[in-house]
Amino acid sequence: MTDVTVLDEIEQDGKSTQEVLLNLGPQHPSTHGVLRLVLEMEGEYVARVDPHIGYLHRGTEKLAEDFTYTQIIPLTDRLDYLCPPSTNQAFVLAVERLLDIEAPERAQYIRVMMTELSRISGHLLIAGALPMDVGAMTVLLYTMREREMVLDLLEMICGARMHTSFCRVGGVREDLPEGFAERVREFCEIFPQRISDYERLVARNRVFLQRTKGIAVITPEDAIDLGLSGPNLRASGVDWDIRRDCPYEIYDRLDFNVIVREGGDCYDRWQCRIDEMRESTRIIEQCMRDMPQGPFQTDDPKVAFPVDKALLSCSMETQINHFELSAYGFKVPAGEIYSCVEAPKGELGFYIISDGSEKPFRMKVRAPSFVNLQALQGASNMDYLADVVAMLGSLDPVLAEVDK
Amino acid sequence: MESFLAIGLIVGKLAVVIAILLILPIPLTWIERKIAGHIQQRLGPMRVGWHGLLQPLADGIKLLFKEDHIPVEADRFLFTLAPIIALVPPFLVFVAIPIGDSITLFGTEITLYLADMNVGLLYILAVAGIEVYGVILAGWASNSKYAVLGSLRTCAQMISYEIPMGFSVIGVVMLAQSMSLLDIVESQAGLWNIVTQPLGFFVFFVSGLAEAQRIPFDLPEAEGDLGAGYHTEYSGMRFSFFMISEYLIVVFLSALMVLLFFGGWHGIAMIPLPPVVWFLLKLSFFIWMFMWLRFTFPRYRYDQLMSIGWKVLLPLSLANILISGVFML
């Protein structure tokens with residue numbers, strides 16, 4: 001940790017002034033959680049930003065070593081709690097690659113659709129939170145209205161609004177409920193107009209543009225050096241999206257654009273997410289259109305419960321298998337894997353070392369928010385206290401994911 | 001006997017004005033929250049009373065019973081004094097604000113103002129300027145960095161915006177040839193000043209927003225970066241003093257806009273309404289304007305605020321004086 005207590009004394013006209021240390025957070029309306037920023041201030045100017053993290057550390061990685069693979073899925077919900085389906089998906093994919101199995105097609109479509117729904121729900125929050133950080137409170141309540149619709153859809157699928165835990169190794173927990181397709185279609189019809197509403201409300205507002213355009217610029221080179229990913233990287237003009245460049249699941253069959261913007265400032269990071277929501281809506285529509293009928297989970301009895309629940313009451317073998325899977329979990333062959341997905345916040349990777357038992361020997365999470373947070377120190381034209389707040393808002397970190 | 005009646009009348013009017021001003025923030029908070037709610041796709045307060053009408057009372061009770069906390073490191077004397085300094089000037093200002101000409105009740109002519117000063121406008125601007133001391137002292141006495149930053153911003157903001165505000169009304173004074181608000185309103189009997197002084201009104205309105213510390217100029221209490229700004233450390237009734245003061249400033253600025261630019265109690269001849277009703281209607285419109293803006297705009301940054309004040313509003317207000325002068329010649 002850098003030493004921040006030594007402050008420069010500035011001599012001017014015989015009067016000596018001192019920089020002020022300002023503690024922004026961990027309780028502060030615009031730190032989006034429990035981030036603590038130690039700022040060295042010269043009046044309104046910010047000389048240095050020093051982020052301190054760890055207030056929400058729950059030891060997810062260590063806990064995972066004592067949990068079976070299925071038990072870890074709810075833990076991953078609590079990483080990026082705005083979009084759990086994509087963290088579930090990232091973890092499950094890593095395990096599936098270790099096991100060398102693949103989920104049935106229908107399950108993959110369901111996963112991708114849920115991930116895109118959650119991408120919308122995560123982006124909606126930031127679409128409203130950045131304007132709120134610069135003072136416009138109203139936008140957040142509009143985006144929350146649509147986020148409510150997304151959460152209702154997720155609730156319809158799995159009963160939970162936030163912590164869905166819907167993915168399973170080798171598939172998903174259940175099939176889609178009846179009447180779901182109509183609800184999604186309804187949402188996909190309404191939503192693009194609503195996105196245009198946000199743009200009308202904010203993107204043509206001169207005060208908002210003055211507060212975000214050209215503020216906290218990250219150059220493409222810096223963005224790559226800092227290890228940024230996701231919308232924050234693409235807003236700086238780097239054309240990189242894991243969904244397109246190393247496709248997983250069914251993304252290679254889908255038609256969508258990767259949004260790239262040139263400016264690398266707060267406004268571009270905001271606009272990038274707004275445009276991504278449009279693309280996500282298109283992906284959801286395609287998923288619902290192309291989704292085949294079929295099983296929603298693999299029939300491999302080593303990892304999955306029997307699809308036909310009636311077997312449980314008549315087949316002894318199935319019953320024993322069900323018991324063992326519930327009580328002890330399934331074994332994963334020894335080896336190690338790094339597998340990553342394009343989560344709403346960026347590249348979310350799981351690095352898992354298996355020693356052949358039911359529990360991972362070590363699990364490491366590459367959390368995009370954690371890496372993206374570094375950009376706080378790499379951005380230029382971030383001179384004022386209010387700019388730091390705008391920058392933090394546009395980076396969109398989720399502190400649960402940063403602290404793990 | 002005559003003089004007794006006159007004194008009684010003045011005391012009576014004083015009591016009425018103070019009572020109204022003390023009660024006014026109660027419906028205003030409700031109205032503001034309702035406006036906010038409807039702008040933001042929600043209902044606003046609905047639980048306490050019919051459509052939440054009693055919500056301000058519940059808030060008042062809550063504020064009364066809140067712990068009155070003074071930080072250990074704070075300067076106790078100034079910390080206690082600051083809310084009072086912030087609260088008193090908005091009351092004093094209303095001495096010079098007329099809401100109508102005069103009415104006749106029970107054979108006695110009652111004037112609808114407390115005092116008609118020949119320097120009324122100057123008095124109002126001067127007294128309103130005192131309010132900022134309360135804010136600065138509050139920030140300073142709290143001994144908290146957020147509060148100090150908030151009051152530093154207030155200092156700079158008030159100095160920058162009181163100048164264009166003062167200049168913007170000079171055009172009006174030139175037209176009326178008087179600083180008395182009664183004379184200014186009388187001079188608009190035929191034509192409202194907004195027609196001849198649109199630029200002056202624009203400058204006055206924008207600096208008024210800054211003066212009232214409302215969005216987009218609410219930097220002293222910018223929630224996004226300063227938590228709550230100068231009143232971070234205040235709680236309970238002391239905190240509510242600042243709130244009451246803020247609402248009263250909104251009312252008084254709206255009243256000034258009506259009096260200076262929108263013809264005061266002169267209505268449109270086609271619609272016959274009593275003068276006082278005309279005045280109150282226009283007043284409500286401007287109060288609504290303030291609230292409407294608050295929930296539609298983001299906030300400017302400190303340096304942007306400064307450059308608007310000095311580079312845009314000040315030259316504009318000077319140009320307004322020049323143009324008015326040329327036309328009067």
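Trainee: What share of the 404 residues of chain A counts as buried?
Mentor: The model is predicted. A residue counts as buried when its relative accessible area is under 20%. In chain A, the share of the 404 residues that meets this is 58%.

Trainee: Why is chain A as compact as a globular protein of that length?
Mentor: Chain A has 15 helices and ten strands. For 404 residues the globule rule gives 22 Å, and the radius of gyration of chain A is close to that, so the chain is as compact as a globular protein of that length, at 23 Å.

Trainee: Which helix of chain A gives the most to the largest nonpolar core?
Mentor: That core has 116 residues, and Leu39(A), Phe91(A), Phe350(A) and Ile352(A) touch the most other members. Twelve of its residues come from the helix that gives the most, which spans residues 105-133: helix 4.

Trainee: Which residues does Ile352(A) contact, leaving aside neighbours within four places in sequence?
Mentor: Contact here requires heavy atoms within 4.5 Å. Among the partners of Ile352(A) are Tyr69(A), Ala94(A), Val95(A) and Leu98(A). Others include Gly335(A), Glu336(A), Ile337(A), Pro360(A) and Arg362(A). The list also holds Phe91(A) and Met363(A).

Trainee: How many residues are in the second, separate core?
Mentor: Among its members are Ile244(B), Val250(B), Phe252(B) and Ile287(B). The count for this core is 70 residues.

Trainee: How far apart are the mean positions of the positive and negative charges of chain A?
Mentor: Chain A carries 42 positive and 65 negative charges. The separation of their mean positions is 3 Å.

Note on methods. Residues numbered from 1 in each chain as written. Chains lettered and ligands numbered in written order. Predicted model: local features only at pLDDT ≥ 70, side-chain atom pairs only at ≥ 80, totals over all residues. Heavy atoms only, no water. Helix = DSSP H or I, 4+ residues; strand = E, 2+ residues; numbered from the N terminus. Rg over C-alpha atoms; globule rule 2.2 N^0.38 Å. Buried < 20%, exposed > 50% of the residue type's maximum accessible area, 1.4 Å probe, protein only. Lys, Arg positive; Asp, Glu negative; His and termini not counted. Charge placed at Lys NZ, Arg CZ, Asp CG, Glu CD. Core = buried A, V, L, I, M, F, W, Y, C linked by side-chain atoms within 4.5 Å.
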